[in-house]
Amino acid sequence: MAGPAEVKQMNKGTANAALLVESDPGLADAIRAMFNQQGPYAFELSHVNSIEDAERHLAAHPVDVILLDVALAGTSELDAVLRTHAAAPHASIILLCAEYDRQLASNILQGDVQDYLIKGKIEPHELLRAMHNAVARKELQEPRFGNMNRAMVTLNSIGDAVICTDREGNISFLNPVAEAMTGWTLKEVAGHPLTEAFCIIDAATGQIAPNPMTKALGENSPAKMPVNCILIRRDGQHLFIEDSVAPIRDSNGMEAGAVMVVRDVTLARALSAQLIHLAEHDALTGLPNRLLLNDRLGQAIARASRDKALLAVLFVDLDGFKLINDSLGHRIGDQLLESVAKRLLKCIRTPDSVGRQGGDEFIVLLSDMQRPEDAAIAAKRILKAIAKPHFIANRDLHIAASVGVSIFPDDALDAETLIRNADTAMYKAKESGGQTFKFFQSEMNIVALERQAIEEDLRLAMERSELALHYQPQIDLKSGGIIGVEALLRWTHPIRGSVPPAHFIPIAEASGLMPVVGTWVLREACKQARAWTDTGLPATTMAVNVSSKQLRDAGFLKQLTAILDETGLDPQLLEIEVTEDVLMEHPELTARMFQILHERGVHLVIDDFGAGFSSMSYLAKLPLDALKISQSYISKISTTPEHKALVCAIIGVARSLGLRVVAEGVETAEELAFLKQQNCDETQGHLFSRALPADRLVSLLTA
Ligand code: C2E
Ligand code: MG
Ligand code: MG
């Protein structure tokens, strides 16, 4: 066929477009003729011979109504209807059929097939009215069709998954996004319970979460999924989802099912987590920034005050970082900061935090501390870690730090003040030369804290064998030989290192530990002296310092006797050194004690003589053996004439009382020469030897 045989019939006014699909030319002519008498109805009629031509025509021209002969060649009645409808879904269709097709036509009558006419019985007026009614009905239906169509297009193109169920909770619809999200197609799961395609768990607990659809259906009201929900896809993949569910009601307001709109927020969550991380962390080191650290500090403070625990803020500032940055460049400076950040992280435990405050400043937050001393331990660890060389750009870089420490609740109760106080303390550390740490506290508090720490550690020191005795030789100035040693206590603390006796002995006295420590010293010294005589070394006296508290302890004499018995040391070889204050505090008691000791054969020496105000008459009554001139006088012999005179006076007193004189702290040949000239008996000092461990002293004794 050479193209569609189209006949157009023009009518006045706004005519509706009509298409006649008719292969019988006679019938086509007859129908066309009827349009000449259109009356009130206006149609613009086109005519085609076949269903194919109809499809082509409809693709190019909008048509309101189609007159379709169902008996077209090459197609079944139903096929003709379906194809026509598919080609013009908005158009109304009126079937032209033979008398015997009436039943078939009435069966097809539904939806878009509006009417049918029996060929040979068509009246012009009836034809036009049927066409007019079909168009009018269609126009009435059009908004509903439009809405439906729009709804379907929307559902199929929106980014959210849409899942509908019927009243029983069985799946009735999945849009393409829902299919992709669940991994199931509508075809596979239509009519199946929702839970088969849509299994959700609570992200926090991992437990199956209650299905919101059931809730919406049960309560006939919109529902929300529990927050933080995970959808387990068909392939097992986990997706974070958010949703809302609403029941669907039919035209009578009855519940007809539910519709659920679900959004995959996995990416959004990851993105927002990343954004939060960026906002809260330092880009260079990856450490929490000031903002996050303040937040963590706030939380830690709340926890610590609830648990009545301590927490410390350590303000760490690098010493001389600017110099490195200026001389080696920012790139190296940055690498150094990164390296420092890593070291700091290694120094802390899990509940603690490290943050970068800015520049070369870091904050370390230590929570859950038992004692402020723990912060000191951490500060030392940090200083040590930072001081180790940093290998950057093929070279070892050295950097030190200053650390300021503030403690909650002692120094402040809020985050801001704690940080400010730690900062102040850090400046104190810098002022004292850097590479050290300082507590933020008044001097009083520092001393109190320090004493407390020392006291606690001292209790453990003996168990941990941290205490030792060193021995300083005493030289006879006439013969030049060693005639005695003084036992001096040494404490090597695992963290503090060597703690001077002048520092910890007053603490031991104040805390009541001195008798225990003193007894240990006495036993140790006596054992050592006995061991030396046993190995055949020349007999030397063993001078042991005894503090006033120790001496006044009720058990002292008994202890001493027991130790002498136990070690078998000749009491003549034991010298007890006491300071003048002992004499002055309880003169009578001391005198009695000295008497007993003297009777036992033990020698008695007044240490640091000249510092106190002992009366000569009192000294004369005591059974003493020697006076020791304090190192503080000896060291000033060469510089001030008054001290020379003082030393001469002490030697004079000793002589008049018939006592030996020992000068201690002799460091120079000049001091020695002066003492010799003044007929001093013995000396002790660095000029000859420092206090040494027993094994090292043996070589001096045998020399
Ligand atoms: P001290 O009994 O007057 O001891 C002498 C101090 O002078 C020792 O200090 C000694 O190391 C130091 N010294 C010795 N030669 C020189 C020198 O040439 N130059 C200088 N600058 N110093 C020198 P150390 O060992 O620090 O003892 C300090 C004080 O601690 C002692 O003074 C004593 O009062 C007390 N102490 C030491 N060990 C004990 C002990 O076992 N028991 C008791 N109760 N007190 C002790
Ligand atoms: Mg002494
Ligand atoms: Mg002394």
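This report walks through the metal sites, the ligand pocket and a few backbone details of a predicted model.

## Two magnesium ions that share a residue

Let's start with the metals. The magnesium ion (ligand 2) is coordinated by four residues: Glu-486 through OE, Asn-545 through OD1, Glu-577 through OE and Asp-607 through OD, at 2.0 to 2.3 Å. If you would like to find these donors along the chain, their spacing is E-x58-N-x31-E-x29-D. Two of the donors tie distant parts of the chain together: Glu-486 belongs to strand E21 and Asp-607 to strand E25, 121 residues apart.

The magnesium ion (ligand 3) has its protein donors in Asp-607 (OD), Asp-608 (OD) and Glu-664 (OE), at 1.7 to 2.4 Å from the ion. Their sequence pattern reads D-D-x55-E. Here too the site joins distant parts of the chain, with Asp-607 in strand E25 (residues 603–609) and Glu-664 in strand E27 (residues 660–664), 57 residues apart. Which residue bridges the two magnesium ions? Asp-607 does, and the ions, ligand 3 and ligand 2, lie 4.0 Å apart.

## How covered are the donors?

Are Asp-607, Glu-664 and Glu-486 buried or exposed? The bridging residue Asp-607 has a relative accessible area of 7%, so it counts as buried. Glu-664 is also buried, at 12%. For Glu-486 the figure is 3%, which again means a buried residue. The cut-off behind these labels is a relative accessible area under 20%.

## The pocket around ligand 1

Ligand 1 sits in the largest pocket. It is surrounded by 23 residues, and the closest are Gln-472, Asn-545, Asp-607, Glu-667 and His-686. Two of these names should look familiar from the metal sites: Asn-545 is a donor to the magnesium ion (ligand 2), and Asp-607 coordinates both ions.

Which parts of the fold supply the shell around ligand 1? Strand E21 (482–493), helix H17 (501–510), helix H18 (514–534) and strand E25 each supply at least two residues. Strand E21 gives the most, with 4 residues. Strand E21 is also where the metal donor Glu-486 is found.

## Polar contacts to ligand 1

Several side chains meet nitrogen atoms of ligand 1. A polar side-chain atom of Glu-667 is 2.5 Å from one nitrogen atom. Gln-472 places a polar side-chain atom 2.9 Å from a nitrogen atom of the ligand, and Gln-631 likewise has a polar side-chain atom at 2.9 Å from a ligand nitrogen. How much of ligand 1 does the protein bury? Taken alone, ligand 1 exposes 800 Å², and the protein buries 81% of that.

## Backbone details to look for

Most residues other than glycine have a negative phi, and most peptide bonds are trans. With that in mind, here are some spots to pick out in the structure. The peptide bond from Phe-408 to Pro-409 is cis, with omega near 5°. Pro-409 lies in the loop that runs between strand E18 (400–408) and helix H15 (415–431).

Ala-393 has a positive phi, near 50°, and its place is the loop between strand E16 (390–392) and strand E17 (395–397). With a relative accessible area of 43%, Ala-393 is partly exposed. Asn-679 also shows a positive phi, of about 60°, although it is not a glycine. You will find Asn-679 in the loop between helix H26 (669–677) and strand E28 (682–684).

Conventions: Residues numbered from 1 in each chain as written. Chains lettered and ligands numbered in written order. Predicted model: local features only at pLDDT ≥ 70, side-chain atom pairs only at ≥ 80, totals over all residues. Heavy atoms only, no water. Donors = N, O, S within 2.8 Å, 3.2 Å for Na, K, Ca; no water. Buried < 20%, exposed > 50% of the residue type's maximum accessible area, 1.4 Å probe, protein only. Near = heavy atom within 4 Å. Polar contact = N/O pair within 3.5 Å; in protein donor to acceptor, adjacent residues only side chain to side chain. Areas by Shrake-Rupley, 256 points an atom, 1.4 Å probe, with all protein chains shown as cover. 1 Å grid on protein atoms, 1.4 Å probe; cavity = no way out; pocket = protein on both sides within 12 Å on 5 of 7 lines; lining within 4 Å. Sits in = over half its atoms within 2 Å of the grid points.
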